[in-house]
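The following exercises concern the geometry of a single model. Each task is followed by a solution in steps.

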Amino acid sequence: MIAETFFDSSTWVLTRNLTGFLVVVFWLTTAFWVYKDARRRIDDPWLAGMAAVLGLVPPFVGPIVYLFLRPPDSIEERRDRDLDNRALEDRLAERGLRCPVCRGHVDTSYVVCPVCSTRLKQACGSCGAPLEAIWQACPYCAEPVPAAAAPGEELLQPLRNRPTT
Ligand SMILES: [Zn+2]
Ligand SMILES: [Zn+2]
């Protein structure tokens, strides 16, 4: 009657308490990681709060779900990329060239419009460099430019560069 089963033993109680403690610590650690990661990636405080709650409940499953749903890059990375894009836009805007079809900013070095893929210039048949309409030879590789593009295949030129003939 006094036979102690394993589950009554103090070893079992200690093991159970220790395991429970470690699980709780691990749970809080994952939740805290989600909270920190969400603050770094999510701009909207409400959404970030939702992510933090998701990190807490359901335990362990929440953080895994969060991993699948989180934004791929941090707020800082997005801001840097926006600044880069804006700087490029500004540089192109300074030159004042625009695609005649979509009015997107283009550069004199572009063969096609990157926005709508309209062909802006003829490319050198030998080295692929963009050629101005009046050039008789490619200045980069000395390849003579064919007299004219195939009939009916008139190339669209940026407005400022369009030949006035
Ligand atoms: Zn365009
Ligand atoms: Zn060339």
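**Exercise 1. The two sides of a helix**

Task: Determine which residues of H3 are exposed and which are buried.

Solution.
Step 1. Helices (H or I, at least four residues) and strands (E, at least two) are DSSP runs, numbered from the N terminus. Relative accessible area sets the classes: buried is under 20%, exposed over 50%, and partly exposed in between (1.4 Å probe, protein chains only).
Step 2. Ile 64 and Phe 68 are exposed, whereas the buried residues of H3 are Gly 62, Pro 63 and Tyr 66.
Step 3. The buried residues cover an arc of only 95° around the axis, so they lie on the same side of H3; the arc is that of the directions from the helix axis to the C-beta atoms. Ile 64 and Phe 68 are on the other side.
Step 4. An α-helix has 3.6 residues a turn, so residues three or four places apart point the same way.
Step 5. The cover over the buried residues of H3 includes helix H1 (10-41) and H2, where contact means heavy atoms within 4.5 Å.

The model is predicted: local features need pLDDT of at least 70 and side-chain atom pairs count only at pLDDT 80 or more, while totals for chains, interfaces and linings use all residues. Residues are numbered from 1 along each chain as its sequence is written, chains are lettered from A and ligands numbered from 1 in the order in which they are written, and side-chain values use heavy atoms, with hydrogens and water left out.

**Exercise 2. The loop before H3**

Task: Identify the backbone features of Pro 58 and Phe 60.

Solution.
Step 1. Pro 58 lies in the loop between helix H2 (45-56) and helix H3 (61-69). The peptide bond that joins Val 57 to Pro 58 is cis, with omega near -10°.
Step 2. Phe 60 belongs to the loop between H2 and H3. Its phi is near 70°, a positive value in a residue other than glycine.
Step 3. Phe 60 has a relative accessible area of 29%, so it is partly exposed.

**Exercise 3. The length of H4**

Task: Check the span of H4 against the expected value.

Solution.
Step 1. The expected span is 1.5 Å times one less than the number of residues.
Step 2. The 21 residues of H4 should span 30 Å, and the end C-alpha atoms are 31 Å apart, which agrees.
Step 3. Just after H4, Gly 96 takes a positive phi of about 75°.

**Exercise 4. Two zinc sites**

Task: Establish the donors and the geometry of the zinc ion (ligand 1) and the zinc ion (ligand 2).

Solution.
Step 1. Donors are N, O and S atoms within 2.8 Å of the metal (3.2 Å for Na, K and Ca); water is not among the atoms, so sites may look incomplete.
Step 2. The zinc ion (ligand 1) is coordinated at 2.2 to 2.3 Å by Cys 99 (SG), Cys 102 (SG), Cys 113 (SG) and Cys 116 (SG). Cys 113 is buried at 1% relative accessible area, while Cys 116 is partly exposed at 26%.
Step 3. Four donors count as tetrahedral if all angles lie between 85 and 135 degrees; four count as square planar and six as octahedral if opposite donors are over 155 degrees apart and all others between 65 and 115; anything else is irregular. The angles at the zinc ion (ligand 1) are 105 to 115°, so the arrangement is tetrahedral.
Step 4. For the zinc ion (ligand 2), the protein donors are Cys 124 (SG), Cys 127 (SG), Cys 138 (SG) and Cys 141 (SG), 2.3 Å from it. Its site is tetrahedral, with angles of 106 to 113°.
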